[in-house]
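Got your viewer open? Let's take a short walk, one selection at a time.

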Amino acid sequence: MSTTDLGMPRTAPKAGTAGVPLLPDDAPRQSKKDFTSDQEVRWCPGCGDYAILAAVQGFLPDLGLKRENIVFVSGIGCSSRFPYYLDTYGLHSIHGRAPAIATGLATSREDLSVWVVTGDGDALSIGGNHLIHALRRNVNLTILLFNNQIYGLTKGQYSPTSHVGTVTKSTPLGSVDEPFNPVSLALGAEATFVARTMDSDRKHLTEVLRQAAEHRGTSLVEIYQNCPIFNDGAFDLIKDRSQQEARIVHLVDGEPLRLGAEGERQVLVRHDGGALRFVPEADADPRDVVVHHSGADDPAQAFAISRLDTPDMAHVPMGVFRSVDRPTYDDQVRAQVRAAVDGGGGRATDADLDGLIHGKDTWTVA
């Protein structure tokens with residue numbers, strides 16, 4: 001039996017793609033080239049979107065899905081050009097509405113693997129409500145949220161994730177808005193899969209994408225992405241290899257949360273009152289050490305971990321914050337539709353439709 005690079009048989013659908021037709025075992029092996037369109041990629045030189053696109057194009061063959069059963073929906077922004085550069089179905093929609101359109105697709109077409117590509121402005125400003133409701137409903141979507149902490153396409157205005165004091169064309173004296181933390185927002189909406197990764201870490205990005213795609217339900221992946229024109233160097237502190245050990249908190253299921261190199265290692269502990277802070281590992285009481293559990297039903301600890309973020313990037317959690325199973329919106333809607341038609345899974349009769357149309361809540365207009 002042929003297998004994918006994920007070590008999973010092609011004949012055994014993964015959780016997130018259940019219902020989506022897989023390639024036959026004897027089909028030619030897909031490659032990155034199969035998922036690369038003939039469109040010229042038009043982003044600014046040095047944009048982090050190039051690295052994300054390459055990672056996605058290289059990862060999609062591992063799903064073992066037909067290209068015609070994959071669809072990417074985007075809103076408005078630099079990230080939203082994504083569908084043009086992938087040889088799958090795609091839809092470049094309107095500002096902030098990609099999650100709503102994708103919800104309709106996922107609900108009406110069980111045979112599709114539906115992805116949303118959005119940015120911090122598109123998703124969290126005009127699209128804020130659409131994003132929140134997709135997350136809480138647990139629609140079977142994979143949402144990639146590119147966060148560069150700025151509006152890029154419209155030439156450098158501050159965004160919902162810009163830090164306080166950020167000077168832009170629309171905030172010449174510095175932003176006074178407290179920024180959103182996308183991971184905290186998703187966990188507050190009780191999203192069933194929430195993760196964070198970075199454009200320049202190809203290995204980590206690909207692994208997070210793999211887990212997000214395998215998850216059945218809404219997967220939200222925040223991707224730190226550099227905008228070299230309007231917010232260059234926003235994530236330099238955690239991209240600097242000499243700084244990463246001291247700043248990045250790797251989330252490993254079943255393991256304590258640690259920082260720092262050997263001999264200088266710190267561990268996250270919970271103190272009286274529930275506050276979390278890092279202390280030298282040698283000084284930590286084992287009873288207070290925080291162990292990461294992405295599968296915990298209660299998202300409270302994952303939320304607390306997401307709040308470790310600070311503007312100075314002293315502690316930046318990276319990885320999967322939450323991954324839990326819960327019935328999906330689209331599966332439940334389809335079940336209701338099947339139950340409503342003749343015998344469940346049959347066709348509605350004219351009498352059924354007539355009774356629905358002319359039910360109690362109707363009016364006769366003379």
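Is tyrosine 224 buried or exposed? Keep in mind as you click that this is a predicted model. Select tyrosine 224: this residue is buried, with a relative accessible area of 6%.

Now add phenylalanine 235, which is also buried, at a relative accessible area of 1%. Turn the view to look at the two rings: the centres of tyrosine 224 and phenylalanine 235 are 4.3 Å apart and the planes sit at 15°, under the 30 degrees cut-off, so the pair counts as stacked. Tyrosine 224 belongs to strand β6 (residues 219-224) and phenylalanine 235 to the loop between β6 and α7 (236-239), so the pair ties together parts 11 residues apart in sequence.

Next stop, more rings. The count of aromatic pairs comes to eight. Pick tryptophan 43 and phenylalanine 82: their ring centres are 6.1 Å apart with planes at 35°, so this pair is tilted. Tryptophan 43 sits in the segment before α1 (49-59), while phenylalanine 82 is in the loop between β1 (70-74) and β2 (89-92), 39 residues apart. Tryptophan 43 is buried at 8% relative accessible area, and phenylalanine 82 is buried at 0%. Widen the selection to Trp43, Tyr50, Phe59, Phe72, Phe82, Tyr85, Trp115 and Phe146, and you have a cluster linked by ring pairs.

On to the helices. Show α2 (residues 98-108) with α4 (residues 128-137): they pack at about 35°, axes 7 Å apart. Pro99, Ala100 and Thr103 of α2 meet His130, Leu131 and Ala134 of α4. That contact has four nonpolar, two polar and no charged residues.

Last click: arginine 137, whose charged end sits over the ring of tyrosine 329, 5.6 Å from its centre.

How values were computed
Residues numbered from 1 in each chain as written. Predicted model: local features only at pLDDT ≥ 70, side-chain atom pairs only at ≥ 80, totals over all residues. Heavy atoms only, no water. Axes fitted to C-alpha atoms, helices over the stretch in contact; angles between N-to-C directions. Helix = DSSP H or I, 4+ residues; strand = E, 2+ residues; numbered from the N terminus. Contact = heavy atoms within 4.5 Å. Nonpolar A, V, L, I, M, F, W, Y, C, P; charged D, E, K, R; others polar. Phe/Tyr/Trp six-rings, centres within 6.5 Å; stacked < 30°, edge-to-face > 60°. Buried < 20%, exposed > 50% of the residue type's maximum accessible area, 1.4 Å probe, protein only. Lys NZ or Arg CZ within 6 Å of the ring centre and 35° of its normal.
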